[in-house]
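Hi everyone, thanks for coming. I'd like to walk you through a structure that you may not have seen before, so please have the view open while I talk.

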Amino acid sequence: MRHLLSIADLGTDGIEEVLALTDSFVEVSERAIPKVPALRGKTVVSLFYEDSTRTRLSFETAAKRLGADTMTFSVGTSSVKKGESVRDTVQTIEAMGVDALVVRHGSAGVPVQVARWGTSAVINAGDGWHEHPTQALLDCYTIRERLGSLEGRHIAIVGDVKHSRVARSNVAAFTALGAEVTLVAPPTLLPSTVEGWPVTVSHDLDDVLGSLDVVYLLRMQHERMTEALVPTLREYTAGYGLTVERAARMADGAIVMHPGPMNRGVEIAPEVADGPNAVILDQVANGVPVRMAVLFLLLGSGSEMFTPTERPAEPLLAEEEVVRG
Amino acid sequence: MAERERRITPPYGGVFHARSQVMSPDDIQRALWRMAHEVIERNHGLDNVVLIGLQTGGVPLAGLLADDLQQIEAIDLPLGSLDVAFYRDDIGLRPVLPEAVTDIPFDLSNKTVVLVDDVLFTGRTIRAALDALTDFGRPRSVQLAVMIDRGHRELPIRPDYVGKNLPTRRDEVVNVGPLGVELGEMRK
């Protein structure tokens, strides 16, 4: 595998491999000098056609901690303003000699296209309503860290599922690791294809709240909201927001997650977001080692799963080196 | 031990076929007992000495060496493990083992670090380990203990404590494990 475009590409084994390797990078992150030279000489470019705080900084931190060089491309100050196409932009950047492109775009499928056009490894950092695989991986890691395992856990993804790439990636990853997923949202915020998903659907948060191990809140995405799907935000909060009263009715040890950025007071009450059951900052912290693992697997490791098949077999020395050194 | 690395089969591995036993498990114990005395002699005791086993083959040996030192001097030495995968100059040739972790829960500044590994071959692992150690502090000195020195060095690195010097062909494989030290080769 050369690219990380969707959770389905990874499969259960791939997810497990990333999560297992993440432990090593958590250890690296805790050192006095949290940096290893594993990707020295590699260049990672973040190509962001949409705004982002945590994903872009997280990827850049991860790349730097692996010793790679990073470049940032932001649409606002680039030739995109002059009308340069995505394809020309990608080919221009690749002509400078880069090893990985971290791509975010408002339209689904752009990272797949970039992977077809180019020669470098492509990581999907969010494409439209489609997928955001590294978010799902760091969420899985965070749940494991808190609850030990996802197997048999009951996870509710609450809110604007329809416009959420995080929801799509997370449903795929959570179910791949054996969790039971319930989508909780008003019918207008559910995608029309939801029948085909391996989930149950509820329109009543209070109904499922007591049985949950994880409450995963999605952001109300004003910027993607082209029609009036909820009457008012206040009404949404009354029905689906995790208020202080609702949080009090959660099971013991259940955790609250949010991919950020939060609309405090809409999908989550500020007191809950800062409360002891919220692991929202853990999610952000785990993002760096998870992305280190992804970059390392795609660019630097000898992992078979992540080794491009077209690469020629290593000479005999490699075999010898495995055993001794 | 090395067996875990080999489990990740072709193109990296294969199956190890032992041709002869070079040291028995008892021989390893005796060699460690001698090396423990050498460590104490060289450092005039064990003040500020710490042991770090290299993943994966050196970790159990470091544990055994620590036990011997404890018996002789009645001191529990700080014991750590180091995975050098991210520091290697041949990254991509070897798989990274997620279960082999670095764990150095103490400061290395002004300590005498004894690195422990099972087999010293090209010296590239040790070079990577020296790089890695600098990220954990500035040791006063670094010494190297290996069970087998099999020659074929590619870097100017030498061990301070050796269990056994074993002349080998380059394509042979040395396996240190519960069955002692075996010499053989990899076959597909």
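I'll start in chain A with a sheet and some helix packing, and then move to chain B.

One thing up front: what you're looking at is a predicted model.

Okay, the sheet. Chain A has an open sheet of 5 strands, in the order 7-6-5-8-9, and the pairing is parallel. As background, strands of a sheet pair through backbone hydrogen bonds, either parallel or antiparallel. So where does this sheet end? The edge strands of chain A are strand 7, at 200-202, and strand 9, at 255-257, and each of them pairs on one side only. Going from one strand to the next, the twist averages 25°.

Let's zoom in on one pair. Strand 5 of chain A covers residues 154-158, strand 8 of chain A covers residues 214-217, and 4 bridges join the two, running parallel. If you want a spot to click on, try Ala156(A), which stands opposite Val215(A) in strand 8 of chain A. Now look at what packs on this sheet: helix 6 of chain A, residues 165-176, touches strand 5, strand 6 (180-184) and strand 8 of chain A. The direction of helix 6 makes about 175° with that of strand 5 of chain A.

That brings us to the helices. Two packed helices are described by the angle between their axes and the distance between the axes. Take helix 5 of chain A against helix 6 of chain A: their axes are 8 Å apart and the angle is about 50°. Parallel, perpendicular or oblique, what would you call that? Helix 5 of chain A comes out as oblique to helix 6 of chain A, because its angle falls outside the ranges for roughly parallel, roughly perpendicular and roughly antiparallel. The crossing of helix 5 and helix 6 of chain A is right-handed. On the helix 5 side of chain A, the contact includes Pro133(A), Ala136(A), Leu137(A) and Cys140(A), and on the helix 6 side Val166(A), Ala172(A) and Ala173(A) are among the residues taking part. By class, this contact of helix 5 with helix 6 of chain A has 7 nonpolar, 3 polar and 1 charged residues.

Helix 5 of chain A has another partner too, helix 11 of chain A, which spans residues 280-299. Here the angle is about 120°, and the axes are 8 Å apart. Helix 5 of chain A passes helix 11 of chain A in a right-handed crossing. Among the residues making the contact are Leu138(A), Tyr141(A) and Glu145(A) from helix 5 of chain A, plus Asn286(A), Val290(A) and Arg291(A) from helix 11 of chain A. The residues of this contact between helix 5 and helix 11 of chain A divide into 5 nonpolar, 5 polar and 4 charged.

Now slide along to the loop between strand 4 (121-127) and helix 5 (133-147) of chain A, where you'll find Glu131(A). Is Glu131(A) buried or exposed? Glu131(A) is buried, because it has 29 C-beta neighbours inside 10 Å, and 20 is enough to count. Leaving out residues up to four places away in sequence, Glu131(A) touches Ser6(A), Ile7(A), Asn124(A), Arg165(A), Arg168(A) and Ser169(A).

Next, some backbone oddities. Most residues other than glycine have a negative phi, and most peptide bonds are trans. In chain A, the peptide bond from Gly260(A) to Pro261(A) is cis, with omega near -10°. Pro261(A) sits in the loop between strand 9 and helix 10 (270-273) of chain A.

Over to chain B. Its secondary structure comes to 4 helices and 8 strands, and 40% of its 188 residues are buried. In chain B, the peptide bond from Gln55(B) to Thr56(B) is cis, with omega near -5°. Thr56(B) is in the loop between strand 2 (49-54) and helix 3 (58-73) of chain B.

Which residues have a positive phi without being glycine? One of them is Asn48(B), with phi near 60°, in the loop between helix 2 (25-42) and strand 2 of chain B. Another is His152(B), at about 65°, in the loop between strand 5 (141-149) and strand 6 (161-165) of chain B. His152(B) counts as partly exposed, with 15 C-beta neighbours inside 10 Å.

That's my tour, thanks for listening.

Note on methods:
Residues are numbered from 1 along each chain as its sequence is written. Chains are lettered from A and ligands numbered from 1 in the order in which they are written. This is a predicted model: local features need pLDDT of at least 70, side-chain atom pairs count only at pLDDT 80 or more; totals for chains, interfaces and linings use all residues. A residue is buried if 20 or more other C-beta atoms lie within 10 Å of its own, exposed if 12 or fewer, and partly exposed in between; C-beta atoms are placed from the backbone. Two residues are in contact if their C-beta atoms, placed from the backbone, lie within 7 Å. Axes are lines fitted to C-alpha atoms, for helices over the stretch in contact, and angles run from 0 to 180 degrees between N-to-C directions. A crossing is left-handed if the near helix is turned anticlockwise from the far one by less than a right angle, and right-handed if clockwise. Ala, Val, Leu, Ile, Met, Phe, Trp, Tyr, Cys and Pro count as nonpolar, Asp, Glu, Lys and Arg as charged, and the others, Gly among them, as polar. Two strands pair if DSSP finds at least two bridges between them. Angles under 35 degrees count as roughly parallel, over 145 as roughly antiparallel, 65 to 115 as roughly perpendicular and the rest as oblique.
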